[in-house]
Structures are given as structure tokens and as C-alpha cells.
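These are my notes on two topics, cysteines and enclosed cavities. I start with the cysteines.

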Amino acid sequence: MLVAPGAWAQNTYKTLHRFKQDKGGVDPIGGVIFDQSGNLYGTTVFGGEVDQGTVFKLIPQSDGSWSENVLYSFCSRTSCASGQYPYASLVFDAAGNLYGTTELAGANGGGTVFKLAPNSNGTWTGSVLYSFCSATNCADGGTPIGSLILDQRGNLYGTTSEGGAGQYGVGGTVFKLAPNSDGTWTEITLYHFCSLTNCSDGANPLSALIFDAAGNLYGTAYRGGGSSRCNEGCGVVFELTPNSGGGWTESVPYSFCPLNACRDGSGPAAGLIFDQAGNLYSTASYGGDPTCKGEGVGCGVVFELTRNQNGSWTEQVLHLFRGRNGAEPYGLTFSPAGNLYGSTRCGGHLSGCFAGCGVVFKLAPNSNGGWKETVLHTFLDHPGANPVGGALIFDANGNLYGETAGDGNLQTFGSVFEISP
């Protein structure tokens with residue numbers, strides 16, 4: 001069931017940090033994470049010592065301000081062996097090490113998986129765990145854009161948006177990095193996309209994976225699938241199931257755009273989340289209302305996938321974006337109360353940023369089975385605009401945190417913000 005008409009709410013919006021066109025980083029789009037002390041960590045795509053991206057830390061001060069500390073600047077090694085352009089958010093392991101990906105560079109030009117280890121003097125040491133395109137024709141994958149996840153044994157899992165050994169060679173992969181006793185890591189490619197005719201199994205995954213309780217992996221692929229309505233397919237939700245004898249089997253719980261004008265959504269660029277009942281939720285960047293953006297493109301949807309008794313999945317559109325209430329949504333997050341929160345790259349106040357500068361929204365379930373949307377904040381081009389990429393996060397007090405990519409006035413080259421209810 002679709003949501004009720006949107007409402008607007010007054011909340012306290014605060015810019016915690018503005019990125020400037022300097023060595024402090026530019027264009028943070030992956031999202032931020034907390035450590036146990038309440039510090040925020042993230043990446044910028046550009047900026048740093050040689051303008052190829054950074055890892056940063058924001059530290060809360062007693063007066064309510066936040067100070068930035070650049071932990072690492074990319075392309076710091078010869079020929080950018082350390083990688084460049086970290087698009088994704090970071091992940092901590094139990095020992096306090098940070099892990100992430102870079103889109104390009106590394107030893108073979110196909111991007112990297114990196115690790116940052118804290119030192120006793122407050123500095124951090126960076127190392128490259130794997131450089132993609134190590135195999136012929138990038139059969140091991142290339143261009144990782146999504147974030148990583150860790151399992152209980154310390155293995156890393158992620159996706160590459162290109163490369164692989166599928167029929168078309170550019171469909172992307174799902175990979176695993178396993179730590180060895182000598183400190184090295186071994187890469188294992190779990191799946192090559194475009195392994196089926198016309199990439200019906202999906203192509204070009206852009207987001208992080210998630211595990212279910214049984215150890216199966218789920219994710220989204222931006223293209224591919226069974227629809228011919230989109231160029232190179234409209235995208236899929238995929239599942240990888242481990243086999244008893246080794247290896248993984250891929251299945252497609254849902255392929256987007258079987259409906260006229262892609263009313264069910266198209267182009268899923270964000271990762272998935274589970275609710276307590278095992279239903280999957282995420283967004284599709286396009287599709288939905290065919291009148292939004294004209295020519296049937298659509299402004300995107302929030303959707304739910306529910307598993308049926310026979311093992312199949314049913315998709316339900318929970319919300320249609322129509323421009324003024326947002327357009328091009330990204331990742332979702334649940335609150336403890338069961339409400340969904342997210343942001344859109346554009347939409348909102350449509351006179352700015354060419355088609356709006358984006359919104360932060362809340363979806364609350366109704367007693368009749370529907371969802372009610374509330375727009376918590378509308379971006380107006382400055383001091384920040386276009387909240388793209390990673391999902392929002394909560395602190396213990398219920399405040400929301402996220403990032404914007406910058407503004408059209410070139411006053412802010414990205415920001416980190418807080419929204420207090």
C-alpha cells in the first residue's frame with residue numbers, strides 16, 4: 001500500500017562541518033559512521049594532499065562544534081598504488097581498524113580494498129589489502145563503489161561494479177577477502193554478473209551486501225534483469241546462497257520494471273535492509289510516478305520485498321516520489337520505533353539545484369497497513385545540497401546524521417549534518 005500524502009515537519013538542522021576546497025577533503029558522499037566515543041568517520045571522493053580523496057574523522061568539542069582530522073590522503077604512493085576516489089562509507093572491525101574501497105587506481109588501476117590501523121600516537125597507518133584487475137581482463141572485478149561488510153570470522157565481503165568473467169565482461173562481481181595467518185589477504189570471487197543471457201541475473205552492483213540469519217547474501221544490481229524497458233536492464237535484487245560443497249548459487253528474488261512505465265521502480269542503487277520479520281526494504285532511484293521528470297523516467301520509489309511460503313518474493317511499492325517530496329532516493333535506515341528514514345539526491349524545493357536540492361524524509365507505518373511520509377528537511381542549495389550515497393545513521397539520542405555533496409554557490413564542497421527531532 002502506498003503512503004498517505006506527504007507532510008512537512010519542523011526539525012532542528014545543524015551543519016556540523018563544511019568541507020572546503022583544500023586538503024581537508026571535497027565531496028563526501030558515502031555516509032558517516034560512529035565509533036564508541038561518539039566520533040564520526042567518513043570519506044571524501046576528492047581533496048586531500050593530491051586531490052584524490054581522504055578518510056576523515058570529526059571530533060565533537062565541548063562548545064558543540066566539531067573539529068576535522070584527516071586520517072589518510074589517497075594517491076599518497078607512487079602511481080596511486082594506495083587507490084583513489086573512495087566513494088563508499090567505512091566499516092570498523094572489533095580491533096578498531098577501518099576498512100573501505102577506492103573506485104580506481106591501485107597496483108592494476110581497478111580500485112582497491114584498504115585498511116587503516118590506529119597507532120598509539122594518534123596517527124593511522126594505511127595498507128592495501130587487494131588491488132582489483134589482478135586477473136586477466138579484470139576477471140576478478142574492478143571499480144568497487146559499494147561499502148564492505150564483515151562476517152564473524154573477520155572476512156570482508158563486497159561488490160565491484162565492473163569486471164568479472166560474465167558474458168559481457170563488465171557486469172561486476174561479488175567478492176570475499178579472507179585474512180591469512182601471515183597478515184596477507186586472499187580474494188575469492190563468489191559470483192560474476194552477466195553470467196546469464198542478456199544479464200538477466202543482474203549487472204553493475206553499486207551498494208553494500210547484507211547477510212540473513214542463515215548466511216545468505218543479498219544485494220541490488222543497478223542494471224540487468226529481465227526487463228527490456230531500460231537500456232541494459234532496470235536492475236534486480238539478488239540473493240547468493242552458499243553451497244554445501246563450496247561455491248555460491250545466485251537467484252533473483254525480484255527483477256525491476258515488469259510494469260508499464262516502471263511503476264515498481266528501476267535503477268536500484270542503494271543497499272537493502274531487513275525488518276524483524278525478514279522482509280527486505282530499499283529504494284529504486286527511478287521509476288514510480290511516470291509524470292515525474294517527464295518521459296516516464298519517474299522520481300524513484302521505496303519498496304518492500306516479502307518472502308512467500310513457496311520461497312518466491314513479492315514486491316510492494318510503499319512510496320512514490322513526485323519531485324516536491326523528493327527525487328532519486330538512496331539508502332534507508334530503520335529507527336528503533338520501526339520508522340524508515342532516508343534522503344533523496346534532488347527534489348524538494350524545485351527552483352534550486354536545477355530540479356531541487358534534495359530532502360530528508362521519514363516513513364511511518366499506519367494502522368491500516370499503509371505508510372505516511374513526512375519531509376523532515378528540504379535542502380535549499382546552501383550551506384549544503386544533494387545528500388547522496390550512504391544511509392543516514394542515528395545516535396543514542398535519536399538524532400540523524402548524514403552528508404551532502406556540496407552546493408551550487410561553491411560555498412560548501414560537501415558537509416556533514418545533524419537533524420534533531
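How far apart are the sulfur atoms of Cys133 and Cys138? I find them 1.8 Å apart, and the two residues form a disulfide. I am working on a predicted model, so I keep in mind that side-chain atom pairs count only at pLDDT 80 or more.

Entry on Cys133 and Cys138. I looked up the torsion about their S-S bond; it is about 100 degrees, so I note the disulfide as right-handed. I then checked burial for each partner. Cys133 has 17% relative accessibility and therefore counts as buried. Cys138 has a relative accessible area of 23%, so I enter it as partly exposed; the cut-off for buried is under 20%.

Entry on Cys75 and Cys80. I find a disulfide here too, with 1.7 Å between the sulfur atoms. I note this link as right-handed, with 100 degrees about the S-S bond. Cys75 and Cys80 are both buried.

Entry on Cys292 and Cys299. Their sulfur atoms lie 1.6 Å apart and the pair forms a disulfide. I read a torsion of about -65 degrees about the S-S bond, so this disulfide is left-handed. I list Cys292 as buried, and Cys299 likewise.

Which cysteine sulfur is nearest to that of Cys346? I find that of Cys299, 6.9 Å away, and Cys346 is in no disulfide. The cut-off is 2.5 Å between sulfur atoms, so this distance does not qualify. Cys346 has a relative accessible area of 5%, and I therefore note it as buried.

For the tally, I count six disulfides by this rule.

Next, cavities. I searched the whole structure and found two cavities of 30 Å³ or more.

Entry on the largest cavity. Its volume is about 50 Å³. I list its lining as Gly31, Ser343, Pro387, Val388, Gly390, Ala391, Leu392, Gly402 and Glu403. By class I get four nonpolar, four polar and one charged residue.

Entry on the second largest cavity. I note a volume of about 30 Å³. Its lining consists of Tyr72, Phe74, Ser82, Phe114, Lys115, Leu116, Gly126, Ser127 and Val128. Which elements give two or more residues to this lining? I find strand S9 (112-118) and strand S10 (124-131). The classes of the lining of the second largest cavity are five nonpolar, three polar and one charged.

Technical notes. Residues are numbered from 1 along each chain as its sequence is written. This is a predicted model: local features need pLDDT of at least 70, side-chain atom pairs count only at pLDDT 80 or more; totals for chains, interfaces and linings use all residues. Side-chain values use heavy atoms; hydrogens and water are left out. Buried means under 20% relative accessible area, exposed over 50%, partly exposed in between (1.4 Å probe, protein chains only). On a 1 Å grid over the protein atoms alone, a cavity is a set of points where a 1.4 Å probe fits but cannot get out, and a pocket is an open set with protein on both sides within 12 Å along at least five of seven lines; lining residues have an atom within 4 Å of a point. Grid points are joined across faces, edges and corners, and a volume is the space filled by probe spheres set on the points. Ala, Val, Leu, Ile, Met, Phe, Trp, Tyr, Cys and Pro count as nonpolar, Asp, Glu, Lys and Arg as charged, and the others, Gly among them, as polar. Helices (H or I, at least four residues) and strands (E, at least two) are DSSP runs, numbered from the N terminus.
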